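Biologist: Could you take me through one part of this model up close, the packing of the helices around each other? Go slowly, and bring in the loops where you can.

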Amino acid sequence: MVLPDLRGYLSAIERAGQMRRVTKPASTRFEIAGVTARADGGPAILFEHVRGSGSAGFRLVSNLVGTRQRFAAAVGAKTERAIHDKVISAISKARRPRISRRAGLYEENHARDLSVLPIVTHFEKEPGPFVTSSVIYAENPETGAQNSSFHRLMPFAGGDSGGGGKTTRCTVRMVEGRHLHRCFEAAKKLGQDLRVAITIGVHPAISIASAYQAEWGRDEMHIANSILGGKLELAKLGWSGMYVPSGAEIVLEGRILHDVTHREWMVEMLQTYDHKRRQPVFELERLHYRNDPIFHDILSGYAEHRLLMGMPIESKLNGELGAAFPQVRRVSITNGGCNWLHAAVQISKRRSDDPRRIIKRAFASHRSLKQVTVVDEDIDPDSAESVEYAMATRFQADRDLVIVRNVRGSSLDPSSDQKNLKTAKMGVDATIPRSKRPEGFEIAKIPGIEKIRLERYLG
């Protein structure tokens, strides 16, 4: 059986004209980030010659799922509109992956030093380079099941347990209350370090599943396996005991130390610098990687980062709101809201209070939402111009505005109370008032306009 790995996905998108190769040497210090930023919304980029510390023998890919088209390819959806159906189905039909009796392909090479990796420095005021595509695997202390989730890593000097000036430690960015943090806190209460494994460079379906906020106790690899049609294979690691995808490019094993922290800050989804904070520290024990390895870098705050984190949430909202309210047609986590903070919900309104009930449920489903705008079926929720048009013609602030004060919000929003995770939220009912004559809101159409090709007339 051919393993669904990063290389197979790259071959597929290259055949589709969705990947470009860079043969010119590119530096891990700002240059790779700059090229990726310029390619934002365009093709995936495979850097074949990487310059910088730890780059010998490694290739690097960025902007991997930086468009909805490639996101659809990653989850096996035939169209962009079918993404959510595919993801929702995979969540409901999640199934255990096959466990290999053989060693994973990543066992081809070994090291004990993080500096062998081509870790990218992205932004001028970040404190150092960051590993941005890392998926961490840990054991749930209550169920024994694995949890997998995205967490960025910042290597730093000091704390080497092996001698020889190696880099073996990095910070681990955790959000309080999320699943890895809960696993870490459970180990910490016992005075123990948390053994984990980390993968870099996997099939994007695995990354997408790991970005999904599954229920406590559920293994995201079961969702990944369902997305991949039951073809995912896991291999057991010897030191940590974790199960990771057999085709992973790079695998780290080590411990998150229960009694050590280090200060860091980074650029987040909003393309702003997060505030400085002390974070737990990962200590490397073993590093494994394939021959001719491919390192995956995600440029924080740009399309790939936002889609990887936001699209699983968009699928979740489409599934949960659609199940609770049959009148919901589609939910879009908007680009202007960084694919995280704002949502537009398209509905076929049945009752006057439908928008308010849907707004309330949306805030409950995704606590980071700061604004929800509800629109009618004739408004495209993916179009900022169309949603603003609905607000301009169908919304009255003294009647249709919902304000919720001092509630849990996103830690990323610099305008909020980030220390206490408190924010204010706004719901907007931009649907046609049932008390008004509906024909007064009908958008005028020109019959046959879709058949007109302007070049025939102006050629």
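Modeller: Sure, let's start with a pair: helix H3 and helix H4 cross in a left-handed way. Keep in mind as we go that this is a predicted model. H3 covers residues 68-75 and H4 covers residues 83-92, and their axes come within 10 Å, crossing at roughly 35 degrees. On the H3 side the contact uses Arg68, Phe71, Ala72 and Val75, and these meet Ile83, Lys86 and Val87 of H4. Sort the residues of that contact by class and you get 5 nonpolar, no polar and 2 charged.

Stay on H4 for a moment. Its buried residues are Ile83, His84, Val87, Ala90 and Ile91. Looking down the H4 axis, they sit within an arc of 130 degrees, so they line one face of the helix. Ile83 and Val87, then, are on the buried list, and they are also among the residues that meet H3. H3 isn't the whole story for that buried set, though: the buried residues of H4 pack against H3, helix H7 (220-227) and H8. Turn to the face of H4 that points away from the buried side and you find the exposed residues Asp85 and Ser92.

Back to H3, since it has another partner. The axes of H3 and H6 come within 8 Å and cross at roughly 95 degrees. With that angle, H3 is roughly perpendicular to H6. H3 brings Phe71, Ala74 and Val75 to this contact, and H6 brings Pro204, Ala205 and Ile208. By class the contact of H3 with H6 comes out as 6 nonpolar, no polar and no charged residues. You may recognise Phe71 and Val75: they are part of the contact with H6, and they are part of the contact with H4 as well.

Now follow H6 (204-211) onward to H7. These two pack at an angle of about 140 degrees, with their axes 8 Å apart. That angle makes H6 oblique to H7. The crossing here is right-handed. From H6 come Ala205, Ile206, Ala209 and Ser210, and they meet Glu220, Met221, Ile223, Ala224 and Ile227 of H7. The class breakdown is 7 nonpolar, 1 polar and 1 charged. Ala205 is a residue to click on, as it belongs to the contact with H7 and to the contact with H3.

H3 and H6 show up again when you look at H1, residues 6-15. Leu6, Tyr9, Leu10 and Ile13 are the buried residues of H1. Seen down the axis of H1, they fall within an arc of 100 degrees, so they line one face of that helix. What lies over them is a mix of strands and helices, including strand S1 (19-22), strand S3 (44-47), strand S5 (59-62), H3, H6 and strand S17 (294-297).

The end of H1 deserves a look too. H1 is followed by Gly17, with a positive phi near 75 degrees. Gln18 sits in the loop between H1 and S1. Despite being in a loop, Gln18 is buried, with a relative accessible area of 16%; the cut-off for buried is under 20%. Setting aside neighbours within four places in sequence, Gln18 touches Ile13, Pro43, Ala44, Thr67, Gln69 and Arg70. So that you can tie it back: Ile13 is one of the buried residues of H1, a helix whose buried face is partly covered by H3.

Two other loop residues have a positive phi without being glycine. Phe30 has a phi of about 75 degrees, and it lies in the loop between strand S2 (26-27) and helix H2 (31-38). Phe30 is partly exposed, with a relative accessible area of 31%. Asp292 has a phi of about 50 degrees and lies in the loop between strand S16 (277-289) and S17. Asp292 is partly exposed as well, at 42%. S17, you'll remember, is one of the elements covering the buried residues of H1.

Last stop, H8, which is among the partners of the buried residues of H4. Met309 lies in this helix, residues 303-324. Not counting residues up to four places away in sequence, Met309 touches Ala211, Met269 and Trp340.

Terms used. Residues numbered from 1 in each chain as written. Predicted model: local features only at pLDDT ≥ 70, side-chain atom pairs only at ≥ 80, totals over all residues. Heavy atoms only, no water. Axes fitted to C-alpha atoms, helices over the stretch in contact; angles between N-to-C directions. Helix = DSSP H or I, 4+ residues; strand = E, 2+ residues; numbered from the N terminus. Left-handed = near helix turned anticlockwise from the far one by under 90°. Contact = heavy atoms within 4.5 Å. Nonpolar A, V, L, I, M, F, W, Y, C, P; charged D, E, K, R; others polar. Buried < 20%, exposed > 50% of the residue type's maximum accessible area, 1.4 Å probe, protein only. Arc of directions from axis to C-beta. Parallel < 35°, antiparallel > 145°, perpendicular 65-115°, else oblique.
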